[in-house]
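Hi there,

Here is the structure I promised to pass on. Have a look at it first, and then read on for what turned up.

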Amino acid sequence: QATIRSRRSVGGGCINTCACLELKDGRRFFLKENGSRFPGMFEAEAEGLRSLASVDGPRVPEPLAWGENTVGQFLLMEWIESAGKSKSWAESFGSSLAHLHKTPMPFWGFHRDNYIGSTPQPNPRAGDWATFFGEHRLSYQLRLARSRSLLDPRAVTKGERLIARLPGLLAGSIDHPSILHGDLWSGNAMVGPTGEAVL
């Protein structure tokens, strides 16, 4: 049995409520919470983190527990203390990402759909990178923007033309599918306690 001694709010993205939980025995954990509008979001995130941790790449926090009901959902992860960046951090981060991306996976896509932020993201299997990227990333986002009247017809036409050209533009650029972090920006990277890169 664990007793929570304190809970303090911490940063962790723009769509979730995040906190550091400290137990009576001194252990700390990272808690993410959200409502029920995005079903399966944290379960998918936990699976994604476990997949990222399974290959030789940057460190990722271990997902410990997650759950949801009609009111909301949560994801509990290990707490990783952050440190200041060294002069070589960016190079080390790039190198660890390269190791991650060199690890072959069996197919383009993922074994389940997930989210990018609060937007559902389809991940069906595809036979090649251009098809997967064109259909399940660019075209999907284009359709979402069009359905929400965020793009005028000329922009939609330009996007469709680009998608049609992807097989030629990307030919020979990617030789195998690999696992990657699908929402890699500065808010999803940090420096770990020994200066290592953490996703």
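One term before we start: a salt bridge is a side-chain nitrogen of Lys or Arg within 4 Å of a carboxyl oxygen of Asp or Glu. Please also keep in mind that this is a predicted model.

**Salt bridges**

How many salt bridges does the structure hold? There are twelve, and a few of them are worth finding on your screen.

Start with Glu78 and Arg59, whose side chains meet in a salt bridge at 3.2 Å from N to O. Glu78 lies in strand β5 and Arg59 in the loop between α1 and β4 (63–68), so this bridge ties together parts that are 19 residues apart in sequence. Glu78 is partly exposed, with a relative accessible area of 22%. Arg59 also counts as partly exposed, at 31% relative accessibility.

Next, look at Glu81 and Arg28, where the salt bridge has an N to O distance of 2.8 Å. This pair links distant parts of the chain: Glu81 sits in the loop between β5 (72–78) and α2, while Arg28 belongs to strand β3 (residues 28–35), 53 residues away. Glu81 has a relative accessible area of 35%, which makes it partly exposed, and Arg28 is partly exposed at 33%.

Strand β3 takes part in another bridge, between Lys32 and Glu45, with the closest N and O atoms 2.8 Å apart. Glu45 lies in helix α1 and Lys32 in strand β3, so the two tie together parts 13 residues apart in sequence. Is Lys32 buried or exposed? Lys32 is buried, since its relative accessible area is 9% and the cut-off for buried is under 20%. Its partner Glu45 is partly exposed, with a relative accessible area of 25%.

You will also find a network of salt bridges that links Glu43, Glu47 and Arg112.

**Helix α2**

Helix α2 covers residues 89–102, and at 1.5 Å a residue its 14 residues should span 20 Å; the C-alpha atoms at its ends are 20 Å apart, which agrees. Which residues of α2 are buried? They include Trp89, Phe93, Ser96, Leu97 and Leu100. These residues cover an arc of only 105° around the axis, which puts them on the same side of α2. Glu91 and Lys102, on the other side of the helix, are exposed. Among the elements that cover the buried residues are α1 (41–53), β8 (190–191) and β9 (197–198).

Ser96 makes a good place to zoom in. This residue of helix α2 counts as buried at 14% relative accessibility. Leaving aside residues up to four places away in sequence, Ser96 touches Asp56, Gly57, Pro58 and Ala197. The C-alpha atoms of Ser96 and Val198 are separated by 9.7 Å, although the two residues are 102 apart along the chain.

**Helices α3 and α4**

Two packed helices are described by the angle between their axes and the distance between the axes. For helix α3 (residues 129–147) and helix α4 (residues 153–170), the axes come within 9 Å and cross at roughly 175°. The two helices are therefore roughly antiparallel to each other. On the α3 side, the residues in contact include Trp129, Phe133, Leu138 and Leu142. On the α4 side, Val156, Ile163, Leu166 and Leu170 are among them.

Enjoy exploring it!

Best wishes

How values were computed: Residues are numbered from 1 along each chain as its sequence is written. This is a predicted model: local features need pLDDT of at least 70, side-chain atom pairs count only at pLDDT 80 or more; totals for chains, interfaces and linings use all residues. Side-chain values use heavy atoms; hydrogens and water are left out. Helices (H or I, at least four residues) and strands (E, at least two) are DSSP runs, numbered from the N terminus. The expected span of a helix is 1.5 Å times one less than its number of residues. Buried means under 20% relative accessible area, exposed over 50%, partly exposed in between (1.4 Å probe, protein chains only). The arc is that of the directions from the helix axis to the C-beta atoms. Contact means heavy atoms within 4.5 Å. Axes are lines fitted to C-alpha atoms, for helices over the stretch in contact, and angles run from 0 to 180 degrees between N-to-C directions. Angles under 35 degrees count as roughly parallel, over 145 as roughly antiparallel, 65 to 115 as roughly perpendicular and the rest as oblique.
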